[in-house]
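Hi there,

Here is the structure I promised to pass on to you. Please have a look at it first, and then read my notes underneath.

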Amino acid sequence: MGLEGKVALVTGGSRGIGRAIALRLASDGADIALCARNVEAAQSVGREVEALGRRCLVRQADVSHSDQADELIKAVVGEMGSLYALVNNAGITRDNLLMRLKDDDWDDVLRVNLKGAFNCARAAARPLLKARGGRIINITSVVGLQGNAGQANYAASKAGLIGLTKSLARELASRSITVNAVAPGLVPDTGMTDELSEDVVDGMLANVPLGRPGTPTDVAHAVAFLAAEEAAYITGQVLSVDGGMAM
Ligand code: NAP
C-alpha cells in the first residue's frame with residue numbers, strides 16, 4: 001500500500017489486533033511506533049517489526065493519561081522524525097450487567113477506550129496539521145453500532161468513538177487529514193476475548209453471516225487500506241469488518 005518513509009503509531013500494539021496492524025503497516029513500508037502499559041510485550045512486537053526491515057520505537061504509555069499521550073507523540077515525532085498515521089487501538093473491557101456494573105468498571109473503560117483516543121488524537125493533531133496530511137484510524141466495535149447486553153460501558157465507549165471520529169473528520173478535513181473508524185466483529189484469540197467461554201463464542205458465531213470468526217489480520221487489512229494514499233477521499237466513515245454481523 002506504499003507507506004514507505006511514513007511513520008504510524010499503533011496504541012496497544014503489544015498483542016492481538018494491534019500487533020497485526022503494526023506488522024501489516026510495516027510490511028506496507030511504514031516505520032512503526034508502539035505503546036502499551038506492559039512494555040516487554042510491546043518490545044517483542046518491536047523486534048518483529050524490525051525483522052521486516054523497518055524502524056520501530058516502543059514506549060510504555062497509558063493512553064488514558066493525557067500527559068503520557070502528549071509525551072508519547074512528542075517522542076514519536078522527536079525520535080522518528082514525523083507522524084503520518086495514528087491508530088487508536090488500545091482498548092479494554094470490564095463486562096457486567098447494568099445492575100452489577102461498578103463506577104470503576106464504567107470509568108476505566110470510558111477512560112481508556114474513549115478518552116485515550118481523544119488524548120492521542122489531540123496530541124497528534126499538531127504534527128498532522130503541520131504536515132498538512134495524515135490519517136487517524138479509530139478501532140471501534142460492532143458493539144458500538146449494535147449494543148450488547150452486559151457491555152453497556154464498552155458499547156458506550158465504542159459508540160462515543162464513532163462520534164469522535166465523525167467530528168474530527170469534519171474538523172481536520174481542510175488539511176487533508178482523514179479520520180475513520182474500523183469496527184471489528186468477533187475476533188477471538190486476543191487478550192480481550194480470552195475470558196469468553198466456548199458457548200458464548202459459538203452463540204456469537206451464530207450471528208455471523210460469513211460463518212467464521214474474524215482474525216486480527218482481517219482487521220489489519222482494513223486499517224492498511226484506510227492508511228493508504230488510495231483512501232485519501234474517504235473520511236468520517238465506519239468500516240465494519242465483522243463477517244456481516246452489522247449489515
Ligand atoms: P487485547 O489483545 O486485549 O489488546 C489490547 C491492547 O491494548 C494491548 O496491547 C494492551 O496492552 C493495550 N492497552 C490496554 N489498555 C491500555 C492503556 N490504558 N494504554 C495503552 N495501551 C493499553 O485486545 P484486542 O482484542 O486486540 O483489541 C484491540 C482493539 O480492538 C480494542 O480497541 C478492542 O476494543 C477492539 N475490538 C476487539 C474485538 C475482539 O473481538 N477482539 C472486537 C471488536 C473490537 P497493555 O495491557 O500492556 O497496556
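Strands β4 and β5 pair in the parallel sense, with four bridges between them. This is a predicted model, so please read everything below in that light. Within that pair, Ala85 has Arg135 of β5 as its bridge partner. To get from β4 to β5 the chain passes through helix α4 (residues 103–131), and this β-α-β crossover is right-handed.

On its other side, β4 (residues 85–88) is joined to β1 (residues 7–11) by three bridges, and these two strands also run parallel. Two of the facing pairs are easy to find on screen: Ala8 stands opposite Ala85, and Val10 stands opposite Val87. Which way do the residues of β4 point? Ala85 and Val87 point one way, Leu86 and Asn88 point the other way, and all of them are buried.

Now for the whole sheet. It is open and has seven strands, in the order β3-β2-β1-β4-β5-β6-β7, with parallel pairing. The edges are formed by β3 (56–60) and β7 (238–241), each of which pairs on one side only. From one strand to the next, the twist averages 15°.

Two helices that lie across this sheet are worth a look. Helix α1 (residues 16–27) lies across β1, β2 (31–36), β4, β5 (134–139) and β6 (177–184), and runs at about 170° to β1. Helix α6 (residues 152–172) lies across β5, β6 and β7, running at about 160° to β6.

I also checked the length of α6. Its 21 residues, at 1.5 Å a residue, should span 30 Å, and the C-alpha atoms at its ends are 30 Å apart, so the two values agree. Among the buried residues of this helix are Tyr154, Lys158, Leu161, Ile162, Leu164, Leu168 and Leu172. What do the buried residues of α6 pack against? Their partners are α4, β5, α5 (142–146), β6 and β7.

That brings me to two polar residues you may like to zoom in on.

The first is Thr140, in the loop between β5 and α5. Is Thr140 buried or exposed? Its relative accessible area is 2%, which is under the 20% cut-off, so Thr140 counts as buried. A polar atom of the Thr140 side chain lies 2.9 Å from the backbone oxygen of Lys158. Leaving aside residues up to four places away in sequence, Thr140 touches Lys158, Leu161, Ile162, Ala181, Val182, Ala183, Pro184 and Val238. Lys158, Leu161 and Ile162 are also among the buried residues of α6.

The second is Asn119, which sits in helix α4, the helix of the crossover from β4 to β5. Asn119 has a relative accessible area of 0%, so this residue is buried too. Where does the side chain of Asn119 reach? It reaches the backbone oxygen of Ser64, at 3.3 Å. Again leaving out residues up to four places away in sequence, Asn119 touches Val63, Ser64, His65, Ser66 and Ala69.

If you open the model yourself, you could begin with Ala85, which stands opposite Ala8 and has Arg135 as its bridge partner in β5. From there you can follow the chain through α4 to β5.

Happy to go through any of this with you.

Best wishes

Conventions: Residues numbered from 1 in each chain as written. Predicted model: local features only at pLDDT ≥ 70, side-chain atom pairs only at ≥ 80, totals over all residues. Heavy atoms only, no water. Pairing = 2+ DSSP bridges. Axes fitted to C-alpha atoms, helices over the stretch in contact; angles between N-to-C directions. Contact = heavy atoms within 4.5 Å. Buried < 20%, exposed > 50% of the residue type's maximum accessible area, 1.4 Å probe, protein only. Right-handed = clockwise from strand over helix to strand, strands pointing away. Expected span 1.5 Å × (residues − 1). Polar contact = N/O pair within 3.5 Å; in protein donor to acceptor, adjacent residues only side chain to side chain.
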